[in-house]
Amino acid sequence: MSTLKEGDKAPDFTAKDQNGKTVSLSDYKGKNVILYFYPKDDTPGCTAESCDFRDNYQSLLSKGYEVIGVSTDDEKSHKKFETKYSLPFTLIADEEKSIVEAYGVWVEKNMYGKQYMGTARTTFIIDGDGTISHVISKVDTKNSSQQILDLVK
């Protein structure tokens, strides 16, 4: 599995969102996209990150950015997460793990000495022609929007 870097073409994908609607990255052609990968709905870090995007959503939109969250949770879990926290953006259900694998964020993790496969919290900023302009691998969950705004000034 290769690691994507700045300047690479973002892999296109097609999957269902929290409303069962089919969404593709190519639907956003001509728009800047913040594509953030997170491990699990309704966990402390993922909630902090998603709520930070929610709280700063209008300023991200005003700078021309669409926000898309991706995790391996199913549509039902995403819908519950969206509703509970009033998330105004698309959440992609990647149950087959094809998107996390294409972006190189499905990795071996280690917690309490136990090794397992999981999603590495990573944010990709993709420009209107589908090129990755920034990769944030050390995401500050409480200030994820500011991390992006600092990069795209």
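In the UniProt record, an unreviewed entry, Cys46 is listed under "active site". The structure described here is a predicted model, and the surroundings of this residue serve as the starting point. Cys46 is found in helix H1, which spans residues 44–55. With a relative accessible area of 1%, Cys46 is buried. Beyond its neighbours within four places in sequence, Cys46 is in contact with Tyr38, Pro39, Lys40, Phe81 and Arg121.

Helix H1 also holds Glu49. The relative accessibility of Glu49 is 0%, so this residue counts as buried. When residues up to four places away in sequence are not counted, Glu49 touches Tyr36, Tyr38, Arg121, Thr123, Val139, Thr141 and Ser144. Tyr38 and Arg121 thus appear in the contact list of Cys46 and in that of Glu49.

The strands are considered next. Seven of them form an open sheet of mixed pairing, in the order E2-E1-E5-E4-E3-E8-E9. The edges are formed by strand E2 (22–24) and E9, each of which pairs on one side only. Direction ignored, neighbouring strands of this sheet are turned by 30° against each other on average. At the E2 edge, strand E1 (residues 14–17) and E2 run antiparallel and are joined by three bridges. Within this pair, Ala15 has Val23 of E2 as its bridge partner.

Towards the other edge, strand E8 (residues 122–126) is mostly covered, with five of its five residues buried. Thr122, Phe124 and Ile126 point one way from E8, whereas Thr123 and Ile125 point the other way; all are buried. Thr123 is also one of the residues touched by Glu49 of helix H1. On one side, E8 is joined by five bridges to strand E3 (residues 32–37), and the two strands run antiparallel. Leu35 has Phe124 in E8 as its bridge partner. E8 is further joined to strand E9 (residues 132–136) by four bridges, again with antiparallel strands. In this pairing, Ile126 stands opposite Ile132 of E9. E8 and E9 form a hairpin with five residues between them, and Gly130 in the turn has a positive phi of about 85°.

Helix H3, covering residues 75–85, has His78, Phe81, Glu82 and Tyr85 as its buried residues. Viewed down the axis of H3, these buried residues fall within an arc of 100°, so they line one face of the helix. An α-helix has 3.6 residues a turn, so residues three or four places apart point the same way. The face of H3 turned away from the buried side carries the exposed residues Lys76, Lys80, Thr83 and Lys84. The buried residues of H3 pack against H1, strand E4 (65–71) and strand E5 (90–93). One of the buried residues of H3, Phe81, is also among the contacts of Cys46. H3 lies across E1, E4 and E5, and runs at about 155° to E5. Helix H5 (residues 144–151) packs on the sheet as well, touching E3, E8 and E9, and the direction of H5 makes about 140° with that of E9.

Within helix H5 lies Ser145. Its relative accessible area is 1%, and Ser145 is therefore buried. Apart from neighbours within four places in sequence, Ser145 is in contact with Asp52, Phe53, Asn56 and Leu60. Ser144, among the residues that Glu49 touches, belongs to the range of H5, residues 144–151.

Several residues outside these elements have positive phi values. Ser86, which follows H3, has a positive phi near 50°. Lys97 has a positive phi of about 65°, although it is not a glycine. This lysine, Lys97, lies in the loop between E5 and helix H4 (98–102). Lys97 counts as partly exposed because its relative accessibility is 26%. Tyr112, likewise not a glycine, has a positive phi of about 55°. Tyr112 is found in the loop that lies between strand E6 (106–111) and strand E7 (114–119). With a relative accessibility of 82%, above the 50% limit, Tyr112 counts as exposed.

Notes: Residues are numbered from 1 along each chain as its sequence is written. This is a predicted model: local features need pLDDT of at least 70, side-chain atom pairs count only at pLDDT 80 or more; totals for chains, interfaces and linings use all residues. Side-chain values use heavy atoms; hydrogens and water are left out. UniProt positions are given in the numbering used here, feature names are shortened, and annotations may be inferred rather than shown by experiment. Buried means under 20% relative accessible area, exposed over 50%, partly exposed in between (1.4 Å probe, protein chains only). Contact means heavy atoms within 4.5 Å. Two strands pair if DSSP finds at least two bridges between them. The arc is that of the directions from the helix axis to the C-beta atoms. Axes are lines fitted to C-alpha atoms, for helices over the stretch in contact, and angles run from 0 to 180 degrees between N-to-C directions.
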